[in-house]
Amino acid sequence: MFAIEISDDAELRPLEVWQVDEFFAHIQRARKQVDRWIRFAAGASDLNGARDTLQRYADRQAADTGRLFGIWHQHVLVGGCMYPHFDAQSGNCEIGVWTEPAGQGHGFVTTAVRILLDHALIERGLARAEWHCDPRNERSAAVAKRVGMTAEGILRSSYLHNGERQDMQVWAILQDEWAAIRDEW
Ligand SMILES: CC(C)(COP(=O)(O)OP(=O)(O)OC[C@H]1O[C@@H](n2cnc3c(N)ncnc32)[C@H](O)[C@@H]1OP(=O)(O)O)[C@@H](O)C(=O)NCCC(=O)NCCS
């Protein structure tokens with residue numbers, strides 16, 4: 001139900017609490033790739049943590065302050081994307097992404113991010129969508145660039161990750177910029 005085709009054999013769907021077993025099995029496969037850059041998998045270190053992650057996003061969805069989606073390739077959950085922050089009142093949101101190794105390198109994430117941009121900036125009428133990444137995370141920055149975002153700057157020593165203060169690169173796209181390029185895909 002509620003699936004959007006993102007390639008011949010991949011779909012974007014809501015990722016919900018009842019799917020916790022499937023989500024946790026996927027996170028175990030994704031952990032090594034994801035932990036290097038973000039805390040998302042670390043928060044789901046066991047089944048209870050995985051359930052808490054899904055419940056947190058279910059609560060955000062109910063409050064219209066965030067939402068989580070999975071990417072299924074040949075019926076296997078291989079990654080996903082989310083709005084970690086979604087503020088319709090201020091017109092701002094942030095988009096985040098992850099994959100396990102089998103989900104990487106197919107363009108699934110780029111397509112999924114375009115769908116989230118379209119929902120936020122066109123359907124919901126938000127003014128601005130942000131993307132936050134470690135400036136050394138080339139694959140992440142490549143997605144932001146591919147969908148038409150602009151690198152706005154770097155917040156130095158912005159957050160603690162893996163025991164070290166990390167810089168955060170902020171990318172963003174505005175509603176009129178997205179409206180001008182959305183038809184290209
Ligand atoms: C960031 C991350 C999600 C990017 O995944 P990705 O697979 O590179 O991104 P996409 O799905 O957009 O795929 C792009 C790749 O698919 C290829 N591709 C194939 N078909 C494509 C298509 N139709 N459209 C776009 N790209 C396509 C691209 O050439 C590119 O491969 P390349 O980099 O080897 O040239 C992934 O590396 C990851 O999970 N990293 C760890 C977690 C993380 O860093 N998250 C982001 C934190 S800010």
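This tour moves from the annotated domain to the ligand and the residues around it.

The model is predicted, so local features need pLDDT of at least 70 and side-chain atom pairs count only at pLDDT 80 or more, while totals for chains, interfaces and linings use all residues. Residues are numbered from 1 along each chain as its sequence is written, and side-chain values use heavy atoms, with hydrogens and water left out.

Select residues 10–173 to begin; an unreviewed UniProt entry lists them as "domain: N-acetyltransferase", and such annotations may be inferred rather than shown by experiment. Over this range the chain is 35% helix and 37% strand, and the end C-alpha atoms are 26 Å apart. Helices (H or I, at least four residues) and strands (E, at least two) are DSSP runs, numbered from the N terminus.

Next, select the ligand and the 20 residues that surround it, each with a heavy atom within 4 Å of the ligand. Among them, Gln104, Gly105, Thr110, Asn137 and Arg139 are the closest. By class, this shell has eight nonpolar, ten polar and two charged residues, with Gly counted as polar.

Now display the polar contacts (pairs of N or O atoms within 3.5 Å). An oxygen atom of the ligand lies 2.4 Å from a polar side-chain atom of Thr110. For Gly105, a backbone N or O atom is 2.6 Å from a ligand oxygen. A polar side-chain atom of Asn137 lies 2.7 Å from an oxygen atom of the ligand. Strand 5 (92–99), helix 3 (108–123), strand 6 (128–133) and helix 4 (138–146) each give two or more residues to the shell.

Finish at helix 4, which gives the most to the shell, with four residues.

Methods
Polar contact = N/O pair within 3.5 Å; in protein donor to acceptor, adjacent residues only side chain to side chain.
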